[in-house]
Amino acid sequence: MKMHFCIPVSQQRLDPLGGRYVLYSVYLDGYLFCRVRYSQLRRWNEQLRRVFGNCLPPFPPKYYLAMTTSMADERRDQLEQYLQNVTVDPNMLRSDIFIDFLKFVQLDTFSITTKTASLDIFLPDGRNIPVEILTSDTAERVLEVLSHRIGLSQELLGYFGLFLIRFCKEGKQSVMKKLVDFELPYVSLRSAEAENCKVGLRKWYMDPSLDSMLTDCPAALQLLYMQAVQDIEKEWAKPTQAQRQKLQALQKEDNQTKYLELSREVRHYGYWQLDPCTCDYPQPGCGAVLSVGKNEISCCITLPDNQTQEVIFQMDRVKRWQVTFLGTLLDIDGPQRTLNQNLELRFQFSEENRWPWFVIYTKQAFLLSSCLKKMISEKMVKLAAENPEMQIEVPEQGKHKKHRVQQSQQKDFSRFLPRKSKIEMANVDCVFGTIEEEDL
């Protein structure tokens with residue numbers, strides 16, 4: 001599936017010789033990832049093409065004359081499409097040419113040199129584990145270093161991920177985003193605009209039954225136990241009173257295995273709960289709390305009369321979804337580093353032979369989209385395992401493995417819709433960079 005890359009803005013700069021060039025601000029999952037020139041991306045494309053040949057998506061052509069405004073906008077759109085499409089190939093994502101370039105532009109954008117550093121990783125039980133890394137180490141590498149520190153089996157790394165987590169008042173936490181494998185956690189943490197932000201370790205799968213794949217590893221068992229305790233304490237998971245009493249007794253006994261077995265019977269265990277947001281159902285402006293997991297989207301909606309209504313959407317009913325930024329980027333020493341101030345995620349679902357849209361306004365729209373993609377991916381893995389006559393390429397523990405799947409099952413999951421309006425920075429409100437996961 002495609003990654004959430006977008007290039008909402010570009011800026012003209014002067015080079016040391018007095019010439020002009022365009023600097024593109026590339027965002028990933030709503031956060032500024034890097035700033036690059038067209039010439040840098042073109043050289044990178046040439047290097048990739050020497051290795052991967054025609055597997056690469058088309059790259060925008062070079063212009064030898066001055067570009068008009070419409071040409072500049074078209075190039076920006078084309079570069080955006082290129083970055084989205086080039087990340088579809090798992091072999092390319094793992095190549096040194098791909099990773100080394102993205103490491104360089106991240107470090108260069110935020111003026112960080114490669115050096116040894118200590119990075120604190122926040123565990124679900126509240127402890128910080130310091131790990132010695134290089135500032136240029138990717139999230140995949142940092143996770144490997146951390147696994148050695150805590151004794152986590154290398155074969156299980158694909159079940160966990162590193163996340164940017166903001167610590168709010170009264171001990172509450174807000175997950176900002178998952179760090180993709182080629183992101184640099186040290187750089188991402190330093191560049192994040194949010195205060196009290198840390199890099200945290202959490203399990204990264206949406207199907208609670210996958211717990212059984214990890215419990216033979218003592219370190220993995222402890223991590224799952226820590227997260228289960230935390231999720232119940234912060235009410236992401238919602239046990240009945242009887243379940244809570246049994247869980248408290250098992251916690252006192254430190255019986256982690258039995259605690260997890262009972263936790264899997266708890267409502268919303270293993271779900272991701274988003275911060276309170278607003279939605280347009282059943283009418284605009286209603287408050288909502290979303291919990292996502294186990295192949296469903298659960299919405300607790302607060303109506304205008306303060307009554308609550310729970311609506312559940314099974315992923316089988318969801319046809320497509322898209323993320324859109326609604327707002328203005330301010331040109332203050334370059335564009336702001338996050339797009340999460342005015343984000344909208346809308347998904348289309350089946351209802352009595354109709355396909356209405358459910359619209360959610362949340363700063364965690366990209367995280368929600370990642371969760372939806374993860375559920376789809378896990379469903380594909382199950383489908384491939386259940387039907388050996390099918391063939392499809394699906395992710396498995398951080399790697400990709402081919403399974404047989406019928407041609408009719410292969411679908412296009414992701415694309416960006418055309419830019420709806422030209423962006424005038426700090427001038428008019430605009431809608432751009434709409435990401436759509438369609439035809440699921």
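Which residues touch the most other members in the largest nonpolar core? Keep that in mind while we get our bearings; we'll come back to the core shortly.

First, a word about what you're looking at: this is a predicted model. The protein chain has an average pLDDT of 85, and 84% of its residues score at least 70. One stretch to treat separately is residues 394-435, where pLDDT stays under 50. For that stretch, the model has 132 contacts beyond four places in sequence.

Now for the overall picture. The protein chain has 440 residues, and 53% of them count as buried. Its secondary structure adds up to 10 helices and 20 strands. Take the contacts between residues at least 6 apart in sequence: 57% of these join residues at least 24 apart. As for the outside, the accessible surface is about 20900 Å², with 47% of it belonging to carbon and sulfur atoms.

Let's start near the beginning of the chain, with a sheet. Here 3 strands make an open sheet in the order 1-2-3, with antiparallel pairing. Strand 1 (5-14) and strand 3 (31-37) are at the edges and each has a single partner strand, so one side of each has no neighbour in the sheet. From one strand to the next, the twist averages 25°. What holds strands together like this? Strands of a sheet pair through backbone hydrogen bonds. Between strand 1 and strand 2 (residues 20-28), there are 8 bridges. To find one of the pairings yourself, look for Leu-14, whose bridge partner in strand 2 is Arg-20.

Two helices go with this sheet. Helix 1 (residues 38-52) packs on it, touching strand 2 and strand 3, and its direction makes about 85° with that of strand 3. Helix 2 (residues 69-86) lies across strand 1 and strand 2, and runs at about 135° to strand 1.

Back to the opening question. In soluble globular proteins, nonpolar side chains tend to be buried together. The largest nonpolar core here has 57 residues, and the ones touching the most other members are Ile-121, Leu-152, Leu-162 and Leu-201. Helix 7 (residues 218-233) gives the most to this core, with 10 residues. Zoom in on Leu-162: leaving aside neighbours within four places in sequence, its contacts include Ile-121, Leu-143, Leu-146, Val-199 and Leu-201. Lys-178, Pro-185 and Gly-200 are also among the residues in contact with Leu-162.

There is also a second, separate core, made of 42 residues. Among its members are Phe-167, Val-323, Phe-358 and Ala-365.

Technical notes. Residues are numbered from 1 along each chain as its sequence is written. This is a predicted model: local features need pLDDT of at least 70, side-chain atom pairs count only at pLDDT 80 or more; totals for chains, interfaces and linings use all residues. Side-chain values use heavy atoms; hydrogens and water are left out. Two strands pair if DSSP finds at least two bridges between them. Helices (H or I, at least four residues) and strands (E, at least two) are DSSP runs, numbered from the N terminus. Axes are lines fitted to C-alpha atoms, for helices over the stretch in contact, and angles run from 0 to 180 degrees between N-to-C directions. Contact means heavy atoms within 4.5 Å. Buried means under 20% relative accessible area, exposed over 50%, partly exposed in between (1.4 Å probe, protein chains only). Accessible areas come from the Shrake-Rupley method with a 1.4 Å probe; for residues, only the protein chains shown count as cover. pLDDT is the predictor's confidence in each residue, from 0 to 100. A nonpolar core is a set of buried Ala, Val, Leu, Ile, Met, Phe, Trp, Tyr and Cys residues joined through side-chain atoms within 4.5 Å.
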